[in-house]
Structures are given as structure tokens and as C-alpha cells.
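Here's a quick tour of one protein model, taken piece by piece. Have the coordinates open as you read.

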Amino acid sequence: MAMVPIVREPVRTPPFLVTAIEPIIIIGSRGDNMQQSIQKAAEILLSAANAVALTGAGISTESGIPDFRSPGGLWTKVDPGEFSIDRFLQNPARFWRLHLDLKASGEFNLASADPNPAHIALARLEKLGIIKCVITQNVDNLHQKAGSVEVVEFHGNMLRAACIRCKSSEPIEEVEARFVNGDPKAIRCRKCEGVLKPDAVFFGEAIPAKAMTISQVQAHKCDVLLVIGTSLQVYPAAQIPMSVKLKYPPATVIEINREPSALHQQVTDILMLGSAGGVMTQLLNAVEALQRN
Ligand code: NAD
């Protein structure tokens, strides 16, 4: 389906003005226009000094892991409140039972998922020296599995369990195996008997300090931000694209999503609408072709 692109003329702003309100250029891409956007995005990435990626659940849907907000996403099946720290602390065993049921249903089985072409293309861009860091909101470990090295786990990692008291962690599969018969001792830390919780950030919890600091430093340094598969509705992660636009000079933001993010009008310079796997593969091919020439 060919769509008429939305193209805005570049807006020049002096240093004391922010560019978050008026993006430089937005190219909405479907069909015929996609090649033009891929080419432009590849050129921008290739000339970037510090390109950073920000990813969300949408990059992993092609690996069989549902996102939260798309039709059929996790929130249509599970009450988001179950992932709040308050409710978890009221009854940790209840949460662990729900977690095991979700895993058994195949709805959210992170351990068995494999990286898809989007994760692989991103890892390749890092190897080529183009992407310096991936800040991910995902908790599925798929960037690491694909070979990305500089990964900031902004919301933690659901393949680990950690003690809420002494912070020691272990593979979540070991806790799951111990808890399968519902033994309450199974979800207690073996060092200090504190409660074990998946090592992911629940609603109401703070972002891990190290991840927050590194993300801020990366956002400050970055000149190109590649946003992939995120609705940009979850804060403070959604502040990252805002912050790269509010600094001077602002970074260029390239967005790849099935649907435009909530902030695309404020932050996005090149918007490519399509599947992350397909678009990222084309983008990688275009970057490699430019490098050869
Ligand atoms: P979200 O569900 O709010 O938004 C997902 C976005 O990705 C949407 O804009 C959607 O259009 C897009 N999308 C879906 N499939 C796509 C595809 N194949 N190609 C391109 N775009 C696609 O997700 P979010 O913004 O990441 O926020 C939700 C929170 O949920 C995050 O904090 C994350 O930690 C957590 N989460 C993580 C996982 C995971 O680790 N895989 C899965 C679900 C939720």
C-alpha cells in the first residue's frame, strides 16, 4: 500500500531553542517511500559518531513474545496490576504461580525465545562500530543472545531472580523448578531468606541506578537515536528520546514501529512503519552497501 509521505522542511533553531516541538523532517514510510527512508537512515547512521538504539517490546514480537499494548498483547490477558511491586509484596507466592502459569501457557516464555532478524541486525551494527550501545526496555535477554555487547537493561532481566533484601541473584529457571510444587521456601533467598523476585522492574519500582546513569550518559553523547518497537508510553524510558532532542545540538531520531509512537510528532525525524525484522534487515543491508562503496 503506497502512502503519501509526511515531509516537513528542516527547521533551524538557535542553541537556546529546543527542537522537540518541531522535528527536522518526518518521513512516514510505507510501500514505495520505504526505500528512500532506508537509504536516508543508512546514510545518517554511517556518518554518526555515537549512534545509540532504544528498543522496546515490539522488537521481540517476531520472536514470539507478545508486547503489552498491541492488539492481543499481554495486557489483554493479564491485569497490569499483577506487575506492581505493591501487589507482589502482598503475596509473592501468588505472583510466582501466575508467572509459572503464563510460562506454561506459552504466552510469555522468554527462556525458549530466539533472537529475530531485528536483534541480529542491531548486533551486527554494533560489530561494525556504528551502534555504540543498546538501551532496552525489554527483559528477555534477546539482544545479548543475538550478540549485542553494550546492552543497558533499563527494566532489568526476567531471566534472573534476585533477592529483594541482599540483591543476590540466580537464574530464574532454578527458582521456577524449586517452586513448581508451590513450596513457599522455594521463593526465599538461600543466603538471607529474603523474598526472591524476578529481576525486572515492576510498576512502582525505581529504574536500577546503574542503568539510569549509563542511559543518561549515552543520551547526552548520542547524535543519532534509533528507536525500535516501543510505544514510548512508559516513563522514564520515554524521556530518553525527549532528552536527545532537548540538548544542543539535538540528535537525529530514527523510529521503526508498526504504529507511530506516542512521541513521534515531538521527536522523530525519520519514521519507518513496518516490522522491525524486515526494516532492520533492509537498513543493515543499506549500511553495508554504503560501506562497500
Ligand atoms: P509497548 O507494548 O507499549 O509497545 C510496543 C510497540 O512496538 C508498539 O508501538 C507496536 O506498534 C510496536 N510493534 C509491535 N510489534 C512490532 C514489530 N514486529 N515491528 C515493529 N514494531 C512493532 O511496548 P514498550 O514501549 O516496550 O513498553 C512496554 C513495557 O513492557 C516495557 O517496559 C518492557 O519492559 C515491557 N515488555 C517487555 C517485553 C520483552 O522483554 N520482550 C515484552 C512485553 C513487555
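Where is lysine 167 found? Lysine 167 sits in the loop between β5 and β6. We'll come back to that loop below, after a look at the whole chain.

## The big picture

Keep in mind that this is a predicted model. The protein has ten helices and ten strands, and buried residues make up 43% of its 293 residues. Counting contacts with a separation of 6 or more, 68% are between residues 24 or more positions apart.

There's a ligand in the model too, and 29 residues surround it. The closest are Gly56, Gly58, Asp67, Asn138 and Ser231. Sorted by character, that shell comes out as seven nonpolar, 16 polar and six charged residues.

## The β6-β5-β7 sheet

Three strands make up an open sheet in the order β6-β5-β7, and the pairing is antiparallel. β6 and β7 are the edge strands, each pairing on one side only. On average, neighbouring strands here are turned by 40 degrees against each other, direction ignored. Strand β5 (residues 156-163) is mostly covered, with six of its eight residues buried.

On one side, β5 pairs with β7 (residues 196-200) over five bridges. Two of the matched positions are easy to find: cysteine 163 is opposite leucine 196, and alanine 161 is opposite proline 198. Three bridges join β5 to β6 (residues 169-171), and there alanine 162 has serine 169 as its bridge partner. As a general point, side chains in a regular strand alternate between the two faces of the sheet.

## Back to the hairpin, and another positive phi

β5 and β6 form a hairpin with five residues between them. Lysine 167 is in the turn, and its phi is positive, about 70 degrees, although it is not a glycine. Lysine 167 counts as exposed because it has 12 C-beta neighbours inside 10 Å.

Glutamate 193 is another non-glycine with a positive phi, in this case about 65 degrees. Its place is in the loop between α6 and β7. Glutamate 193 is exposed, so judged because 12 other C-beta atoms lie within 10 Å.

## Helix α4

Helix α4 (117-127) is mostly covered: ten of its eleven residues are buried. The buried set runs Pro117, Ala118, His119, Ile120, Ala121, Leu122, Ala123, Arg124, Leu125 and Glu126, so charged side chains such as Arg124 and Glu126 are in it, given that Arg and Glu count as charged. The cover includes β2 (51-55), β3 (131-136), α5 (142-146), β8 and α10. After α4 comes glycine 129, with a positive phi near 85 degrees.

## Helix α10

How does the length of α10 check out? Helix α10 (residues 276-292) has 17 residues, so at 1.5 Å a residue it should span 24 Å, and its end C-alpha atoms are indeed 24 Å apart.

The buried residues of α10 are Ala276, Gly277, Val279, Met280, Gln282, Leu283, Leu284 and Val287. In general, an α-helix has 3.6 residues a turn, so residues three or four places apart point the same way. Among the elements covering the buried residues of α10 are α1 (34-46), α4, β8 (224-228), β9 (252-257) and β10 (270-273).

## Two loop residues

Alanine 111 lies in the loop between α3 (92-105) and α4. It is partly exposed because 13 other C-beta atoms lie within 10 Å. Setting aside neighbours within four places in sequence, alanine 111 is in contact with Leu159 and Glu173. The C-alpha atoms of alanine 111 and glutamate 173 are separated by 8.5 Å, though the two are 62 residues apart along the chain.

Aspartate 183 is in the loop between α6 (172-179) and β7. With 11 C-beta neighbours inside 10 Å, aspartate 183 counts as exposed. Its C-alpha atom is 8.8 Å from that of alanine 93, 90 residues away along the chain.

## Cis peptide bonds

Tyrosine 235 and proline 236 are joined by a cis peptide bond with omega about 10 degrees, and proline 236 has its place in the loop between β8 and α8 (239-246). The bond from tyrosine 248 to proline 249 is cis as well, with omega near 0 degrees. Proline 249 is found in the loop between α8 and β9.

Key. Residues are numbered from 1 along each chain as its sequence is written. This is a predicted model: local features need pLDDT of at least 70, side-chain atom pairs count only at pLDDT 80 or more; totals for chains, interfaces and linings use all residues. A residue is near a molecule or strand if its C-beta atom, placed from the backbone, lies within 6 Å of it. Helices (H or I, at least four residues) and strands (E, at least two) are DSSP runs, numbered from the N terminus. The expected span of a helix is 1.5 Å times one less than its number of residues. A residue is buried if 20 or more other C-beta atoms lie within 10 Å of its own, exposed if 12 or fewer, and partly exposed in between; C-beta atoms are placed from the backbone. Two residues are in contact if their C-beta atoms, placed from the backbone, lie within 7 Å. Two strands pair if DSSP finds at least two bridges between them. Axes are lines fitted to C-alpha atoms, for helices over the stretch in contact, and angles run from 0 to 180 degrees between N-to-C directions.
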